[in-house]
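Trainee: Could we go through this entry together, one question at a time?

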Amino acid sequence: MNENENAAMDLDHITSLARISLSEDEKNELSKSLPSILSHLKKLSSVDVEKIEPSAHSIPLRNIFRGDEIGQTFAVETALMNAPQQRNDQIIVPKVVE
């Protein structure tokens with residue numbers, strides 16, 4: 001089996017794993033560059049990552065929300081001041097769910 005046949009088999013396997021379909025022209029074009037792509041992947045696998053901690057994101061994530069602390073609140077009259085309709089210290093809104 002020559003290198004082109006191997007590349008075609010690899011490409012078929014990769015596209016089935018990725019669940020994508022390629023036209024014959026796309027397969028021909030991609031099979032030409034597949035050896036180069038695989039060569040780059042081999043270079044990446046030789047990189048020593050032993051001292052690097054695994055991460056899910058390239059930048060650290062942090063919680064941006066403030067703490068849930070009780071603070072000063074509006075008086076009921078102030079909160080309801082601009083409400084179009086109100087009843088029993090509550091805002092009346094149109095019914096959304098039947």
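Trainee: Which helix is Ser36 found in?
Mentor: This is a predicted model, in which local features need pLDDT of at least 70, side-chain atom pairs count only at pLDDT 80 or more, and totals for chains, interfaces and linings use all residues. Residues are numbered from 1 along each chain as its sequence is written, and side-chain values use heavy atoms, with hydrogens and water left out. Helices (H or I, at least four residues) and strands (E, at least two) are DSSP runs, numbered from the N terminus. In that numbering, Ser36 is found in helix H2.

Trainee: What does Ser36 count as at 40% relative accessibility?
Mentor: Buried means under 20% relative accessible area and exposed means over 50%, with partly exposed in between (1.4 Å probe, protein chains only). The relative accessibility of Ser36 is 40%, so this residue counts as partly exposed.

Trainee: How far apart are the C-alpha atoms of Ser36 and Val49?
Mentor: Val49 is in the loop between helix H2 (24-45) and helix H3 (76-79). Along the chain, Ser36 and Val49 are 13 residues apart. In space, their C-alpha atoms are separated by 23 Å.

Trainee: How much accessible area does the nonpolar patch with Val49 have?
Mentor: A patch takes residues with over 30% relative accessible area and no salt bridge; like charges are joined within 9 Å, nonpolar side chains (Val, Leu, Ile, Met, Phe, Trp, Tyr) within 5 Å. Val49 is partly exposed, because its relative accessibility is 48%. The patch on the surface is formed by Leu30, Ile37, Leu38, Leu41, Leu44, Val47, Val49 and Ile52. Areas come from the Shrake-Rupley method with a 1.4 Å probe, where for residues only the protein chains shown count as cover, and together these side chains reach about 690 Å².

Trainee: Leu30 belongs to that patch, so how far is Gly71 from Leu30 in space?
Mentor: Gly71 sits in the loop between H2 and H3. With a relative accessible area of 47%, Gly71 is partly exposed. Gly71 and Leu30 are 41 residues apart in sequence, and C-alpha to C-alpha the distance is 61 Å.

Trainee: Which residues do the salt bridges join into one network?
Mentor: A salt bridge needs a side-chain nitrogen of Lys or Arg within 4 Å of a carboxyl oxygen of Asp or Glu, and the structure holds 2 of them. In one, Asp12 pairs with Lys27, the closest N and O atoms being 3.6 Å apart; Asp12 lies in helix H1 and Lys27 in helix H2, so this pair ties together parts that are 15 residues apart in sequence. In the other, Lys27 pairs with Glu24 at 4.0 Å between the closest N and O atoms, and these two both lie in helix H2, 3 residues apart, about one turn of the helix. Through shared partners, the network joins Asp12, Glu24 and Lys27.

Trainee: What does Glu24 count as at 53% relative accessibility?
Mentor: Its partner Lys27 is partly exposed at 24% relative accessibility. Asp12, at 38%, is partly exposed too. At 53%, Glu24 counts as exposed.

Trainee: What is the phi of Asn88, which is not a glycine?
Mentor: Asn88 lies in the loop between strand S1 (86-87) and strand S2 (90-91), and is exposed at 66% relative accessibility. Arg19, in the loop between helix H1 (3-18) and H2, is also not a glycine and has a positive phi of about 55°. For Asn88, phi is positive as well, at about 55°.

Trainee: What is the radius of gyration of the protein?
Mentor: The protein comes to 3 helices and 2 strands, in the pattern α-α-α-β-β along the sequence. For 98 residues the globule rule (2.2 Å times the number of residues to the power 0.38) gives 13 Å. The value for this protein, taken over C-alpha atoms, is well over that, so the protein is more spread out than a compact globule. The radius of gyration is 30 Å.

Trainee: What share of the 98 residues do buried residues make up?
Mentor: The C-alpha atoms fill a box of roughly 85 × 45 × 20 Å along the principal axes. The accessible surface comes to about 10000 Å², of which 54% belongs to carbon and sulfur atoms. Buried residues make up 7%.
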